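The report below reads one model from its annotated positions outward, taking individual residues, then the ligand shells, and then the overall fold.

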Amino acid sequence: MNPAPNLFLVGPMGAGKTTVGRQIAELFRMPFFDLDHEIEAHTGAAVSLIFELEGETGFRCREAAMLAELTARRGVVLATGGGAVLGADNRRFLHERGFVIWLDATVDAQLARLERDRQRPLLRAPDRRVRLEQLAAERNPIYAEIADLRVASTGVGNSTHAAHDLLDLLEARWRRGNTDVAA
Ligand SMILES: Nc1ncnc2c1ncn2[C@@H]1O[C@H](COP(=O)(O)OP(=O)(O)OP(=O)(O)O)[C@@H](O)[C@H]1O
Ligand SMILES: O=C(O)C1=C[C@@H](O)[C@@H](O)[C@H](O)C1
Ligand SMILES: [Mg+2]
């Protein structure tokens with residue numbers, strides 16, 4: 001049983017929000033949305049191209065509009081992008097409209113998982129480890145502030161285990177009546 005109106009996944013790049021989110025949605029039989037994907041579908045351009053043409057500011061505007069729309073739904077799983085928590089309105093919508101799960105990956109896990117990725121504009125840095133550590137230092141306090149639940153995401157092999165572990169964790173929590181979900 002899932003008493004949460006919506007499940008929102010937050011966390012850094014490569015934490016598994018998209019991958020684990022899609023699997024969790026299947027397990028709970030809830031519709032799944034991926035914020036980055038919806039922005040791309042709506043704009044007709046890849047996230048990396050939006051960054052190139054409009055800069056990060058332009059991307060954040062599109063992200064905020066799409067997040068406002070998707071969080072207004074009921075009974076969905078939404079995987080956000082790594083920086084979606086930066087906007088105050090975004091944080092308010094996430095907090096008020098659903099149960100926020102922080103997938104907290106180590107920088108080592110992120111580096112291993114994203115080794116071949118050439119799409120994420122913020123990973124185009126001379127030293128990816130330094131970039132990811134900087135982002136973590138800036139954003140971890142924000143993820144911590146809005147999360148209803150923090151889940152360590154350290155595996156590198158197969159994400160299916162992570163989805164099942166998360167499902168068990170959520171169900172055990174809700175069985176205990178410890179729902180503290182946003183109503
Ligand atoms: N728990 C996990 N165990 C092993 N591999 C994982 C796990 N979570 C994600 N991965 C792998 O890491 C890569 C990145 O995952 P994913 O795209 O889901 O990250 P994300 O959190 O959505 O990142 P972004 O913020 O950039 O959208 C994928 O190849 C995925 O298969
Ligand atoms: O961490 C971030 O700021 C980002 C993460 C991705 O999901 C995308 O939303 C985009 O590449 C920016
Ligand atoms: Mg994603």
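Leaving aside its neighbours within four places in sequence, R60 is in contact with L86 and G87. This holds for a predicted model, in which local features are described where pLDDT is at least 70. R60 belongs to helix 3, and its environment is partly exposed, since 17 other C-beta atoms lie within 10 Å. A68, also placed in helix 3, counts as partly exposed with 15 C-beta neighbours inside 10 Å. A68 is separated from R92 by 24 residues in sequence, while the C-alpha to C-alpha distance between A68 and R92 is 9.8 Å.

R60 is one of the positions that UniProt, in an unreviewed entry, lists under "binding site", together with D36, G82 and R139. A further set under the annotation "binding site", likewise from an unreviewed entry in UniProt, covers G14, A15, G16, K17, T18, T19 and R120. The table gives the neighbour counts of several of these positions.

| Residue | Other C-beta atoms within 10 Å | Class |
|---|---|---|
| T18 | T18: 19 | partly exposed |
| D36 | D36: 22 | buried |
| R60 | R60: 17 | partly exposed |
| R120 | R120: 17 | partly exposed |

Why does D36 count as buried? D36 has 22 C-beta neighbours inside 10 Å, and a residue is buried if 20 or more other C-beta atoms lie within 10 Å of its own. D36 is placed in helix 2, which runs over residues 35-43, and, with residues up to four places away in sequence not counted, D36 touches V47 and G81. T18, in turn, is found in helix 1, where T18 is partly exposed because 19 other C-beta atoms lie within 10 Å, whereas the class of buried residues begins at 20. On the same exclusion of residues up to four places away, T18 touches D34 and A79. R120 lies outside these helices, in the loop between helix 5 (107-113) and helix 6, and beyond its neighbours within four places in sequence R120 is in contact with M13 and L114.

Two ligands can be considered next. Around ligand 1 there are 22 residues, of which the closest are G16, T18, T19, R113 and A162. Helix 1 (residues 17-28) supplies the largest share of this shell, namely four residues. By character, the shell around ligand 1 divides into twelve polar, six nonpolar and four charged residues. Ligand 2 is surrounded by M13, D36, V47, G81, G82, G83, R120, P121 and L122, and this shell divides into four nonpolar, three polar and two charged residues. Residues that appear in the UniProt list with R60 are thus found around ligand 2, including D36 and G82, and R120 from the other UniProt set is also among the residues surrounding ligand 2. The contacts of D36 with V47 and G81 and the contact of R120 with M13 therefore join residues that surround ligand 2.

Which residues of helix 4 are buried? In helix 4 (residues 88-97), N90, F93, L94 and R97 are buried. Seen down the axis of helix 4, the buried residues fall within an arc of 95°, so they line one face of the helix. On the other side of helix 4, A88 and E96 are exposed. The packing partners of the buried residues of helix 4 are strand 1 (7-10), helix 3 (47-71), strand 4 (99-105) and helix 6 (128-146).

The overall fold follows. The protein has seven helices and five strands, and these follow the pattern β-α-β-α-α-β-α-β-α-α-β-α when read along the sequence. Of the 183 residues in the protein, 33% are buried. Among contacts with a separation of 6 or more, 78% are accounted for by residues 24 or more positions apart. The C-alpha trace spans about 45 × 35 × 25 Å along its principal axes. The protein has a radius of gyration of 16 Å, which agrees with the value near 16 Å that a compact globule of 183 residues would have.

Notes: Residues are numbered from 1 along each chain as its sequence is written. Chains are lettered from A and ligands numbered from 1 in the order in which they are written. This is a predicted model: local features need pLDDT of at least 70, side-chain atom pairs count only at pLDDT 80 or more; totals for chains, interfaces and linings use all residues. A residue is near a molecule or strand if its C-beta atom, placed from the backbone, lies within 6 Å of it. Helices (H or I, at least four residues) and strands (E, at least two) are DSSP runs, numbered from the N terminus. Ala, Val, Leu, Ile, Met, Phe, Trp, Tyr, Cys and Pro count as nonpolar, Asp, Glu, Lys and Arg as charged, and the others, Gly among them, as polar. A residue is buried if 20 or more other C-beta atoms lie within 10 Å of its own, exposed if 12 or fewer, and partly exposed in between; C-beta atoms are placed from the backbone. The arc is that of the directions from the helix axis to the C-beta atoms. Two residues are in contact if their C-beta atoms, placed from the backbone, lie within 7 Å. The radius of gyration is taken over C-alpha atoms; the globule rule is 2.2 Å times the number of residues to the power 0.38. UniProt positions are given in the numbering used here, feature names are shortened, and annotations may be inferred rather than shown by experiment.
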